[in-house]
Amino acid sequence: MDTFEKIRALLAEQLDIDPTKITMDSDIMGDFEADSLDIVDMVMTLEDEFGIEVPDDAIENLRTVGDVVKFVDSHKG
């Protein structure tokens, strides 16, 4: 399973949305009505799942699913 598929599965479960509606261009807050608590939950899940650390200043740049995938790919070991 590649990074996008894993993140898509995590987001679908966390936000209770159909995984087929999640694309690299999906805006997490705009398209899925995620709030700041959802974003914090997502970041904690990503940190656990991929063994990475997401600094607070990086979170505001994670707007789309593609942004998240690129961040994870560039930080995982």
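Which residue follows α3, and what is the sign of its phi? In this predicted model, the residue after α3 is Gly51, and its phi is positive, near 65 degrees.

The helix that precedes this glycine can be followed from its beginning. At the start of α3, the backbone nitrogen of Leu37 has a side-chain oxygen of Asp35 within 3.1 Å. From its first C-alpha to its last, α3 reaches 21 Å over 15 residues, close to the 21 Å expected at 1.5 Å a residue.

The two sides of α3 may be considered next. Its buried residues are Ile39, Met42, Val43, Leu46 and Phe50. These residues lie on the same side of α3 because they cover an arc of only 100 degrees around the axis. On the other side of α3, by contrast, Leu37 and Asp48 are exposed. Leu37 is thus named twice, as the residue whose backbone nitrogen is approached by Asp35 and as an exposed residue of the helix. The cover over the buried residues of α3 includes α1, α2, α4 and α5.

Helix α5, which spans residues 65–75, has its own set of buried residues: Val65, Gly66, Val68, Val69, Phe71 and Val72. What covers them includes α1 (3–15), α2 (28–32), α3 (36–50) and α4 (56–59). Helix α3 is therefore part of the cover of α5, just as α5 is part of the cover of α3.

Helix α4 contains Ala58. This alanine counts as buried because its relative accessible area is 11%, under the 20% limit. Asp18 stands 40 residues from Ala58 along the chain, and the C-alpha atoms of the two are separated by 26 Å.

Notes:
Residues numbered from 1 in each chain as written. Predicted model: local features only at pLDDT ≥ 70, side-chain atom pairs only at ≥ 80, totals over all residues. Heavy atoms only, no water. Buried < 20%, exposed > 50% of the residue type's maximum accessible area, 1.4 Å probe, protein only. Helix = DSSP H or I, 4+ residues; strand = E, 2+ residues; numbered from the N terminus. Contact = heavy atoms within 4.5 Å. Expected span 1.5 Å × (residues − 1). Arc of directions from axis to C-beta. Polar contact = N/O pair within 3.5 Å; in protein donor to acceptor, adjacent residues only side chain to side chain.
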